[in-house]
Amino acid sequence: MGFLNRRRVLHAALVVGLVVTLVGTSPAARASVKVFACEPEWAALAEAIAGDLVSVSAATTALQDPHFIQARPSLIAKVRGADLVICSGAQLEIGWLPALLQKANNPAVRPGAPGYFEASSFVLRLGATDDVDRAGGDIHPFGNPHVQTDPHNIATIAKALAARLQEIDPAESSRYQERADAFLSRWLEAVGVWEKRAAPLRGLRVITHHNSWVYLVKWLGMEQVATLEAVAGLPPTATFLSRLNRDFKDGGADVIIRSPYQDDKPSQWLAERSGIPAIELPLTVGGTAEAHDLFGLFDNIIDQLLEATP
Amino acid sequence: MRVNYLKGVLLTLTLGIPHAALAETGIEDIRAELTALRNDYEQRIADLEQRLAVAEQNARQASASSQSSGSMPRNTGAEFNPAIGVIFSGSAWNYSGNPENLAVQGFPFGGEAGPITEGLALGETELILSSNVDDKFAAMLTAALAVEDGEAVVEIEEAWVEATALPAGFGAKFGRFFSGIGYLNNKHAHSWDFADQPLPYQAFLANQLRDDGIQARWLAPTDTFIEIGAELLRGGAYPSAGADNNGFGSYSLFANVGADAGTDSSWLAGVSLLDASPINRASGDEDDPFLFSGDSTLMTAQFVWKWAKDGNWKDRNLILQAEYMRREESGIYEGAGLSPQVYDNDQTGWYAQAIFQPVSRWRIGARFDALSSDNPGDAFAGTALAAPLSDPRRITIMGDWANSEFSRLRLQFTRDESGLEDDNQLGLQYFHSIGAHGAHTF
């Protein structure tokens, strides 16, 4: 059979040669655990509790809507080399993470392996529903995935993450424990301060652009009276905004909240007509200059909410 | 914990000492400590409450699932159902001339390539099933339900098993799949940016190369995306045919490189090679086709650039994309009234397109595609294999609206200068998907 003709042998030899060269030149032993975080808050958390024991890269920034991310070549390359993938989960990344995992050829970080960590699975997710008709829009049957806006969730996830890092990198187990403990004691102290400062926000009636703030609302005892999206995940419509204006221009809402990656026009439109102040709150680390780490994130959220309300 | 307790006890004791005995600063310290202590316990209680709530949630889910399975036998296996999705498509297409006259001179098409069905027509309905098989394999089936000549036909579009646990960045897939050559080749029709494939894909790959075989991929352990792949294929589909070499008929090689350029942009570039040895490959007229036997080599080079401000894809974004293909064929052509003739010819094709999304859900796009052929010789003069007098080309513009990521309506206009007569085409197309929908690749 003519299958092994000269040209084919030459092509095969070229490929084998290229693979051998690239394998040969690849860095040998890894110095630290490589963490791939789907969102900046998990990158910040991994850095906060593991410091220089890990090298962290974030797939997205605070200016990007994490529902809509391209499964970019650079992300595939990073997942290929990762020891641990940390994502919010609850289907937040369903449009792109499965494509990355499929293309990255890295069994260590596939769902089910220790290298796959879904942050929202360690906390009580709000809004889980069996009513999963897509006529309702962008529905998350496993509950709201934006769990990072309650600092108690961050504390719970920090403990789970420390345990996972110890499992992946047992040689440094005691150092992960020390750092996680140190982070948690600082964190809990800060939570006490935030809760005291945010006391006046109790009962605050908020309108949010998308349903991204339910955990913050619950934590601070606020009340979410509406979202700008008539159908979750789809852009606000003029008709629906007009109705909100009619419903709330004579009171009933204290502040309108959007995230930095959301179009500012709908909230500004409603703010101008209804007189309700609209603010851009960082949904994650990097959303504003002040939100440079997890502590700054909550400092800034509370500062802005206090400023916006009398 | 114990230290905190001691502190607490001490604090309680010291608070009992008369006020005057303590300095002002001491009182402040004690207050601060007390506050810290209270916060600490509040946090612990909150933690416990949280754990309780999560445990309750899990218990509820467990009881819910045990309740529902209580009414049926326990080993139905229904809980391991794969993800199921269905994609609906259809179109309404109008041609200014007769679509029969749109055959491209010098490039008799194979397989399903050619003009979109004139008038109102149901497109392919895709049924997609996928799941992990176990800890080392995953599988996917795409069955295309279509109407051909008034009869419903089911076609296995893809049916592959993937090895998911290979070490060192290797991946493997086997079964029937879309080849990894080119950029558009392995994209499903519902993720195309235009209703039809560009001319080089129609002419050289009969829209898309899909064959039975094995694919191996390797990813370099680098921060830059470097992917190398090879496929061994049966050789049963255009541009191959006849499953030569006892059914180990053709093979392909591909390499892709990609990276980000800042936070706004990212790119992917690649080259590939397809080597086939067709035997009696049919093309052109379905009832009286040309038959080609010989060697066929296809080379591709492609580049894709995607942009969105701050990398925030949802609202505004831009995709620039171009591919170049070169086919070298030598062998014997016969059929369609042609006595066997030696054919040795090089042909090229390319397209370039831009897709812009100015606001969420709305997109506009333009594409230019063209083919070019050397002259295969006087023996083919007057036949459909002779080189065209001028290079076949088209200009296409489209606008589409996606209410959600699960629905899309598209309006497309094409100025077609690829056939015997120039033609203007206007069409409407829809894609709707229900059920599970896999993540899209870059």
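**Exercise 1. An aromatic pair in chain A**

Is Trp187(A) buried or exposed? Work this out, then describe how its ring sits against that of Phe298(A).

*Solution.* Bear in mind throughout that this is a predicted model.

Step 1. The relative accessible area of Trp187(A) is 0%. The cut-off for buried is under 20%, so Trp187(A) is buried.

Step 2. Apply the cut-off to the partner: Phe298(A) has 0% relative accessibility and is buried too.

Step 3. A pair of aromatic rings is described by the distance of the centres and the angle of the planes. Over all chains, the structure holds 21 aromatic pairs. For Trp187(A) and Phe298(A), the ring centres are 5.7 Å apart and the planes meet at 75 degrees. Planes over 60 degrees apart count as edge-to-face, so that is the label for this pair.

Step 4. Now place the two residues. Trp187(A) belongs to helix α6 (residues 173-197) of chain A, and Phe298(A) to helix α10 (residues 294-308) of chain A, so the pair ties together parts 111 residues apart in sequence.

Step 5. Look around the pair. Trp187(A) and Phe298(A) form one aromatic cluster with Phe183(A), Trp194(A), Trp219(A) and Phe295(A).

**Exercise 2. An aromatic pair in chain B**

Find which kind of ring pair Phe292(B) and Tyr333(B) make, and which strands they tie together.

*Solution.* Step 1. The centres of the two rings lie 4.9 Å apart, with the planes at 45 degrees. That angle is neither under 30 nor over 60 degrees, so the pair is tilted.

Step 2. Phe292(B) is in strand β12 (residues 290-307) of chain B and Tyr333(B) in strand β13 (residues 317-335) of chain B, so the pair links parts 41 residues apart in sequence.

Step 3. Check the burial: Phe292(B) is buried at a relative accessible area of 0%, and Tyr333(B) is buried at 2%.

**Exercise 3. The surroundings of Gln412(B)**

Locate Gln412(B) and list what its side chain reaches.

*Solution.* Step 1. Gln412(B) sits in strand β17 (residues 407-417) of chain B. Chain B has 4 helices and 18 strands.

Step 2. With 1% relative accessibility, Gln412(B) counts as buried. Of the 442 residues of chain B, 45% are buried.

Step 3. A polar atom of the Gln412(B) side chain lies 2.7 Å from the backbone nitrogen of Ala195(B). The side chains of Gln412(B) and Asp196(B) are joined by a polar contact of 3.3 Å.

Step 4. Leaving aside neighbours within four places in sequence, Gln412(B) has further contacts, including Trp93(B), Phe194(B), Thr396(B), Met398(B) and Leu426(B).

Step 5. Set this beside the chain as a whole: among contacts in chain B between residues at least 6 apart in sequence, 60% join residues at least 24 apart.

**Exercise 4. Where chain B meets chain A**

How many residues does the contact take from chain B and from chain A? Describe the interface from there.

*Solution.* Step 1. Chain B gives 69 residues to the contact and chain A gives 57 residues.

Step 2. The size of an interface is often given as the accessible area lost when the parts come together. Here chain B and chain A bury about 5,300 Å² between them, with 55% of it on carbon and sulfur atoms.

Step 3. Count the polar links: there are 2 salt bridges and 15 residue pairs in polar contact. One salt bridge joins Asp260(B) to Arg72(A), with 3.0 Å between the closest N and O atoms.

Step 4. On the chain B side, helix α2 (residues 24-70) supplies the largest share, 9 residues. That side divides into 28 nonpolar, 28 polar and 13 charged residues.

Technical notes
Residues are numbered from 1 along each chain as its sequence is written. Chains are lettered from A and ligands numbered from 1 in the order in which they are written. This is a predicted model: local features need pLDDT of at least 70, side-chain atom pairs count only at pLDDT 80 or more; totals for chains, interfaces and linings use all residues. Side-chain values use heavy atoms; hydrogens and water are left out. Contact means heavy atoms within 4.5 Å. Buried area is the accessible area (1.4 Å probe) that two parts lose on being put together, summed over both. A salt bridge is a side-chain nitrogen of Lys or Arg within 4 Å of a carboxyl oxygen of Asp or Glu. A polar contact is a pair of N or O atoms within 3.5 Å; within protein, one must be able to donate a hydrogen and the other to accept it, and residues adjacent in sequence count only if both atoms are side-chain atoms. Helices (H or I, at least four residues) and strands (E, at least two) are DSSP runs, numbered from the N terminus. Ala, Val, Leu, Ile, Met, Phe, Trp, Tyr, Cys and Pro count as nonpolar, Asp, Glu, Lys and Arg as charged, and the others, Gly among them, as polar. Rings of Phe, Tyr and Trp (its six-membered ring) pair if their centres lie within 6.5 Å; planes under 30 degrees apart count as stacked, over 60 as edge-to-face and the rest as tilted. Buried means under 20% relative accessible area, exposed over 50%, partly exposed in between (1.4 Å probe, protein chains only).
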